[in-house]
Amino acid sequence: MQTEVKETPRYALVAAVQLPNVSDTEFESSLAELRELAKTLGFQAVHTFVQKRNSFDRTAYLGVGKLEEISLFVKNGIRSDAEDEPAQAPGEGTFEIDALLVDHEISPSQARNLELAVGCQVMDRTMVILEIFHRNARSRAARAQVEIARLGYMAPRLREAAKLAGPQGRQRSGTGGRGAGESHTELDRRKVRDRIAELQREIIAMELERKTQRARRLERQGHGLCGVSLVGYTNAGKSTLMRALTGSEVLVANKLFATLDTTVRALYPESVPRVLVSDTVGFIKNLPHGLVASFKSTLEEALDAALLLHVIDASDPGFERQLEVTDTVLQEIGADDVPRIRVFNKIDHVGDEAEQAAWRAELQQRYPGCVVMSARRPEDVQAMHATIVDFFRQDLEETELLLPWSAQQLRGEIFQHCQVLEERAEDAGSWFRVRGEPEALRKLREQLDPGSRGREKEYWEQ
Ligand SMILES: Nc1nc2c(ncn2[C@@H]2O[C@H](COP(=O)(O)OP(=O)(O)O)[C@@H](O)[C@H]2O)c(=O)[nH]1
Ligand SMILES: [Mg+2]
């Protein structure tokens, strides 16, 4: 008997048409990516249906035979003891299918017909990605940009639903000339257009604001708050590395929807200065054109970081092109001046030990300063941890501070902002040898030596 509380997984089927001009490798890698994207939405992709066709079926994307096959799967569910096998009949010991995910963007009417034919919710590739962006957009600019894309995507689909809403709707739009139904649709269309225009104005205004935000970010770093952002393609291992670096592996092990956790955590073991690591929305190989702007704006959050880790799947044959695209996009969003380390991950996934060593050497030669590692090897994660900490320490200064007995309340400040190398009690107070950010040290000195401020005051009062 199962007594532990477990979150219910949502099961999804995946379907795709392979067109004649699409190679098997390309097709497979797109499907793998879709499954990975589905996972970030909390779906477990249990079964994939593929069909080779010269074109998508105009009515329902897939052919009739395939539709029947899927609908049987949806009707009976899957066996709970073998999660990728169809059940013979619905009932006890079966799991329900919650959605069918389609690896292309399909038209509103295709989606509608497909839903009717298979008997469950249908999400196409664009909708899956939009949902991920929606969940990951944190800044106002990113949220506005994603809403524009959602409106553009949803509007024709809502119209489609309204059109099929029954005889009433049809009757109204059918009353010759400009029927009531039609003007209603036009009204909706205008509303959507107005809203999009409004959002676009907001975005322009926010662009100005962003410049100030960057200045603020630099100031924050001066206070000893350091951010690292992980960027790179979906499936490169960003979230895995993030969990390993922040010690949250244990925490999420029992949690099914781990990937939904958003995603800023302190480096663990903790360091001084304290380093915050954040995950970003991954690049997508097959990104629908209409989503490019939203993607870039969600990525812009990486601009807040003091250091970017560009994670690359070293075992992916297409990594070079992905690396170039990432570089270009980072440049486009103005992240060029943020220091960056290339992290070739998944080296454990490249052949045997000799092959791994050869590949490592080649990568290190081709990309000087890069890190080659596996997020699954604790010693590699530890080394990455050390590299990050070193990065934030390179600008640190070493100095001595005297904390007078009368100012012991500032003791906490010292430990929070500096690494204390030595401490000693003296007649006048506690003496420290510390390392810290120059700006943080300057502030501390000011607080600790009110005398200097007093002298300044005298000077000004003369
Ligand atoms: N073999 C191997 N697999 C890895 C490594 N890092 C991540 N993975 C796997 O690659 C898949 C994608 O990882 P994930 O962290 O979700 O990638 P993200 O999309 O970049 O966040 C998961 O199945 C991970 O378990 C690694 O270093 N070696
Ligand atoms: Mg991830």
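**View 1. Helix H8 lies across four strands of the sheet in this predicted model.** Helix H8 takes in residues 238–245, and the strands under discussion are S7 (226–232), S9 (275–279), S10 and S11. Take S9 as the reference and H8 runs at about 155 degrees to that strand. There's a second helix to look at here: H13 (residues 378–393) packs on the sheet too, where H13 touches S7, S9, S10 and S12. The direction of H13 makes about 120 degrees with that of S9.

**View 2. Six strands line up as an open sheet.** Read across, the order goes S8-S9-S7-S10-S11-S12, and the pairing is mixed. Check the edges and you'll find strand S8 (264–266) and strand S12 (371–372). Each of those two has a single partner strand, so one side of each is left without a neighbour in the sheet.

**View 3. Strands S10 and S11 run parallel.** Here we zoom in on one pair: S10 covers residues 307–313, S11 covers residues 340–345, and six bridges join them. For one pairing to pick out by eye, try His310, whose bridge partner in S11 is Arg342.

**View 4. Helices H5 and H10 pack with their axes 8 Å apart.** H5 spans residues 140–163 and H10 spans residues 292–299, and the angle between them is about 165 degrees. Anything over 145 degrees counts as roughly antiparallel, which is why H5 and H10 get that description. Their crossing is left-handed. On the H5 side, the meeting residues are Ala141, Ala142, Gln145, Val146 and Ala149; on the H10 side, they are Ala293, Ser294, Ser297 and Thr298. Sort the residues of this contact by type and you get five nonpolar, four polar and no charged.

**View 5. Leu116 sits in helix H3.** The helix itself runs over residues 108–118. Leu116 has 13 other C-beta atoms within 10 Å, so this residue comes out as partly exposed. Look for Ala60 in the same frame: Leu116 and Ala60 are 56 residues apart in sequence, yet 9.3 Å apart in space, C-alpha to C-alpha.

**View 6. Stepping back, the chain holds 16 helices and 15 strands.** Of its 462 residues, 30% are buried. As for contacts with a separation of 6 or more, 68% are between residues 24 or more positions apart.

Notes
Residues are numbered from 1 along each chain as its sequence is written. Chains are lettered from A and ligands numbered from 1 in the order in which they are written. This is a predicted model: local features need pLDDT of at least 70, side-chain atom pairs count only at pLDDT 80 or more; totals for chains, interfaces and linings use all residues. Axes are lines fitted to C-alpha atoms, for helices over the stretch in contact, and angles run from 0 to 180 degrees between N-to-C directions. Angles under 35 degrees count as roughly parallel, over 145 as roughly antiparallel, 65 to 115 as roughly perpendicular and the rest as oblique. A crossing is left-handed if the near helix is turned anticlockwise from the far one by less than a right angle, and right-handed if clockwise. Two residues are in contact if their C-beta atoms, placed from the backbone, lie within 7 Å. Ala, Val, Leu, Ile, Met, Phe, Trp, Tyr, Cys and Pro count as nonpolar, Asp, Glu, Lys and Arg as charged, and the others, Gly among them, as polar. A residue is buried if 20 or more other C-beta atoms lie within 10 Å of its own, exposed if 12 or fewer, and partly exposed in between; C-beta atoms are placed from the backbone. Two strands pair if DSSP finds at least two bridges between them.
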